[in-house]
Every structure is written in C-alpha cells, then in structure tokens.
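Biologist: I'm new to this one and would like a close look at a single part. Could you walk me through the long helix at the start and what it packs against?

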Amino acid sequence: MRKNNGFTMIELLVAIAIIGLLASVVFISFPGAMKSARDGKRKQDLSTIRTALEQYWDIYGHYPTEGLCIDSSVGCGSCGCAVSNFPNGDYWDANSDLQDLIAEGYFGKIPVDPINNSTYYYTYEPNSVGQGGCQIDTCEWSLCARLEKTGSWYCIYSARNSDTHPK
C-alpha cells in the first residue's frame, strides 16, 4: 500500500483562498494607515517648528522677523502669489520668516509636509506690530497643516497667542 505525502488540490485551493483573503484585508487597510502616519508626521513637524520658535523667543524676546504674509512649505506665500497659483513650489521660500531658524542652527532644513503639494502643505503666519495687538516685533504666530484623514486644518499657536480659534 502506497501512502500519499502531498496535499490534495482542494486543500491547496483553500489555503490559497485564505491567503488571498488575508492579503486583501491588509491592502484595504493600508491606505488608511498611511494617511494616519502622514497626519502624525505633520503634527510632529509642527510641534518641532513650534519648539524652535519658542527657543528663538527665549533668546531674542520676539519671534523671527516680522512679516505680513502667510508663508507656506510649498514656497509661495500669500503676498507673493496670485490666488490661482498659490501654492506653487516645493520648499519654503527663501524669504520665509522661518529661514531665521536655519540661520540660528535650529534646523538644517525646515520640515515640509510629507506630500507637500497644493492640497497638503504647512503654513506659518506671524502677527506683527499692528496685527492682533502686538506691541513688539513679532509676538504671535500660527502653524497649520491640512490632515488627510479628516480634510480639516490642524493648527498650533504661539504660547503668547491669546486667540486660539481654529483656522
């Protein structure tokens, strides 16, 4: 009598079907996990920039250079671009107020959004003298990023900013 040492065709098909089902579950949940990971990166980047801005304040008594425009991580701020092409570029503008943080050694390069396109980008908006009641140089700011999971803006504000309403 001969003993069979292999699998039957039905056993192989069932095993392949189970593996396919498990793989499809993983592939379905993967994009959502990636969105959450990028949103976490956005929040961490804004927190890192916030820390550098607060350290700058501790040394100089004001935030980096005063400006009236919104800077963005895609290179084109609100004063330098027409609405039709804002934002355009791939990195913070050379005139961005945040470039002072590089000069002071807080960053080698200012963080940018993981996607960094016309939908997902970071913004930095300083309030200067005459804006929001500031009395000295730049005393308040907001940093914002659009989150992929919800499509809403996530913003953090300077520690000295009394106006903390969402964007």
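Modeller: Here is a tour that starts with helix H1 and moves on to its neighbours. Keep in mind that this is a predicted model. The mean pLDDT of the protein chain is 79, with 74% of its residues at 70 or more. Among the elements, confidence is highest in S4, at 93, and lowest in strand S1 (residues 71-72), at a mean of 78. Over residues 161-167 the pLDDT drops below 50, although this stretch still has twelve contacts in the model beyond near neighbours in sequence.

Now to H1 itself. The helix covers residues 9-60, 52 residues in total. From first C-alpha to last, H1 reaches 75 Å, close to the 76 Å you'd expect at 1.5 Å a residue. There is a kink of about 35° at Phe30, shortly before the proline Pro31. After the helix comes Gly61, with a positive phi near 80°.

Which residues of H1 are buried? They are Asp39, Arg42, Asp45, Leu46, Ile49, Ala52, Leu53, Glu54, Tyr56 and Trp57. These buried residues pack against helix H2 (99-103) and three strands: S2 (122-127), S3 (140-146) and S4 (153-157).

That brings us to the core. In soluble globular proteins, nonpolar side chains tend to be buried together. The largest nonpolar core here has 18 residues, and those with the most contacts inside it are Ile49, Leu53, Leu98, Leu101, Tyr124, Trp141 and Leu143. H1, S2 and S3 are the elements that give two or more residues to this core, and the largest share, six residues, comes from H1.

Leu143 is a good place to zoom in. Leaving aside residues up to four places away in sequence, Leu143 touches Leu46, Ile49, Arg50, Leu53, Thr123, Tyr124, Tyr154, Cys155 and Ile156. As for strand S3, six of its seven residues are buried, so S3 is largely enclosed by the rest of the structure.

Next, the sheet that these strands build. It is an open sheet of four strands in the order S1-S2-S3-S4, with antiparallel pairing. S1 and S4 sit at the edges with a single partner strand each, so one side of each has no neighbour in the sheet. Going along the order, two bridges join S1 to S2, and Ser72 stands opposite Thr123 in S2. Six bridges then link S2 to S3, where Asn127 stands opposite Glu140 in S3. Another five join S3 to S4, and the bridge partner of Cys144 is Cys155 in S4. S3 and S4 form a hairpin with six residues between them, and Gly151 in the turn has a positive phi of about 80°.

One last stop leads back to the helix. Asp113 lies in the loop between H2 and S2. Buried means under 20% relative accessible area, so Asp113 counts as buried at 3% relative accessibility. Not counting residues up to four places away in sequence, Asp113 touches Arg42, Ser73, Tyr120, Tyr121 and Tyr122. Of these, Arg42 is one of the buried residues of H1. Asp113 and Asp90 are 23 residues apart in sequence, and their C-alphas are 9.7 Å apart in space.

Note on methods:
Residues are numbered from 1 along each chain as its sequence is written. Side-chain values use heavy atoms; hydrogens and water are left out. The expected span of a helix is 1.5 Å times one less than its number of residues. The bend at a residue is the angle between axes fitted to the seven residues ending there and the seven starting there. Buried means under 20% relative accessible area, exposed over 50%, partly exposed in between (1.4 Å probe, protein chains only). Contact means heavy atoms within 4.5 Å. A nonpolar core is a set of buried Ala, Val, Leu, Ile, Met, Phe, Trp, Tyr and Cys residues joined through side-chain atoms within 4.5 Å. Two strands pair if DSSP finds at least two bridges between them. pLDDT is the predictor's confidence in each residue, from 0 to 100.
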